[in-house]
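Visitor: I would like a close look at one part of this chain, with its surroundings explained as we go. Could you walk me through it once the structure is on screen?

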Amino acid sequence: MDKIHYKGWEIVPTALPTSDHKWSASCDIERANAHGVEVFEGATMQFVRESEDEAIAAACDEAIRQIDNIIANPLVRLA
């Protein structure tokens with residue numbers, strides 16, 4: 001899936017089918033800085049939904065919240 005641009009960051013969603021015919025999605029987030037690209041892998045938890053689009057939407061919503069939190073308090077990094 002393509003990256004989604006949000007407030008100077010890139011959201012990188014990944015979705016995979018599950019064995020019970022649902023979809024599981026999560027997102028990494030990344031941003032370019034003076035030293036290259038800073039990647040926060042596994043920035044979101046796994047979201048399992050009935051469709052691929054629903055799973056990706058849930059994961060991307062969480063990634064947006066993570067980015068907003070980092071912007072609001074740049075001294076805090078993802079665990």
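Visitor: Where in the chain is the place of T44? Please start there and work outwards.

Guide: Happy to. Please keep in mind that this is a predicted model.

T44 sits in the loop between strand 4 and strand 5. Although T44 belongs to a loop, its relative accessibility is 8%, and because buried means under 20%, T44 counts as buried. Setting aside neighbours within four places in sequence, the contacts of T44 are S26, C27, A59, E62 and A63. One of these partners deserves a closer view: a polar atom of the T44 side chain lies 2.8 Å from the backbone nitrogen of C27.

Let us follow that list to S26, which is in strand 3. S26 is buried too, with a relative accessible area of 12%. Its side chain makes a polar contact of 3.3 Å with the side chain of Q46. Leaving out neighbours within four places in sequence, S26 is in contact with V12, P13, T14, T44, M45, Q46 and A59. A59 therefore turns up in the contacts of T44 and again in those of S26.

A59 takes us to the helix. Helix 1 covers residues 52-72, 21 residues in total. From its first C-alpha to its last, helix 1 reaches 30 Å, close to the 30 Å expected at 1.5 Å a residue. The buried residues of helix 1 are A55, I56, A58, A59, C60, E62, A63, Q66, I67 and I70. A59, E62 and A63 from that list are also contacts of T44. As for the spacing, an α-helix has 3.6 residues a turn, so residues three or four places apart point the same way. What covers the buried residues of helix 1 includes strand 1, strand 2, strand 3 and strand 5.

C27, the partner of T44 through its backbone nitrogen, leads on to the nonpolar core. The largest nonpolar core has 18 residues, and those touching the most other members are W9, I11, A25, C27, I29 and I67. Strand 2, strand 3 and helix 1 are the elements that give two or more residues to this core. Helix 1 supplies the largest share, eight residues. For a view from the helix side, take I67: not counting residues up to four places away in sequence, I67 touches Y6, W9, I11 and I29.

W9 has another partner worth showing. A search of the whole structure finds one aromatic pair. The rings of W9 and F40 have centres 5.6 Å apart and planes at 40°, so the pair is tilted. This pair links distant parts of the chain, with W9 in strand 2 and F40 in strand 4, 31 residues apart. W9 counts as buried at 3% relative accessibility, and F40 is buried as well, with a relative accessible area of 11%.

F40 brings us back to strand 4, on one side of the loop where we began. Strand 3 and strand 4 run antiparallel and are joined by five bridges. A hairpin of two residues connects strand 3 to strand 4. Within this pairing, R31 has E38 in strand 4 as its bridge partner.

Two other loops make a useful contrast with the buried T44. K7 lies in the loop between strand 1 (4-6) and strand 2 (9-17), and H21 in the loop between strand 2 and strand 3 (23-33). Most residues other than glycine have a negative phi. K7, however, has a positive phi of about 50° although it is not a glycine, and H21 has a positive phi of about 65°, again without being a glycine. K7 is exposed, with a relative accessible area of 52%, and H21 counts as exposed at 71% relative accessibility.

Finally, here is the setting for all of this. The chain has one helix and five strands, arranged β-β-β-β-β-α from the N terminus on. Its C-alpha trace spans about 40 × 20 × 20 Å along the principal axes. Of the 79 residues in the chain, 33% are buried. Among contacts with a separation of 6 or more, 40% are between residues 24 or more positions apart.

Conventions: Residues are numbered from 1 along each chain as its sequence is written. This is a predicted model: local features need pLDDT of at least 70, side-chain atom pairs count only at pLDDT 80 or more; totals for chains, interfaces and linings use all residues. Side-chain values use heavy atoms; hydrogens and water are left out. Helices (H or I, at least four residues) and strands (E, at least two) are DSSP runs, numbered from the N terminus. Buried means under 20% relative accessible area, exposed over 50%, partly exposed in between (1.4 Å probe, protein chains only). The expected span of a helix is 1.5 Å times one less than its number of residues. Contact means heavy atoms within 4.5 Å. Rings of Phe, Tyr and Trp (its six-membered ring) pair if their centres lie within 6.5 Å; planes under 30 degrees apart count as stacked, over 60 as edge-to-face and the rest as tilted. A polar contact is a pair of N or O atoms within 3.5 Å; within protein, one must be able to donate a hydrogen and the other to accept it, and residues adjacent in sequence count only if both atoms are side-chain atoms. A nonpolar core is a set of buried Ala, Val, Leu, Ile, Met, Phe, Trp, Tyr and Cys residues joined through side-chain atoms within 4.5 Å. Two strands pair if DSSP finds at least two bridges between them.
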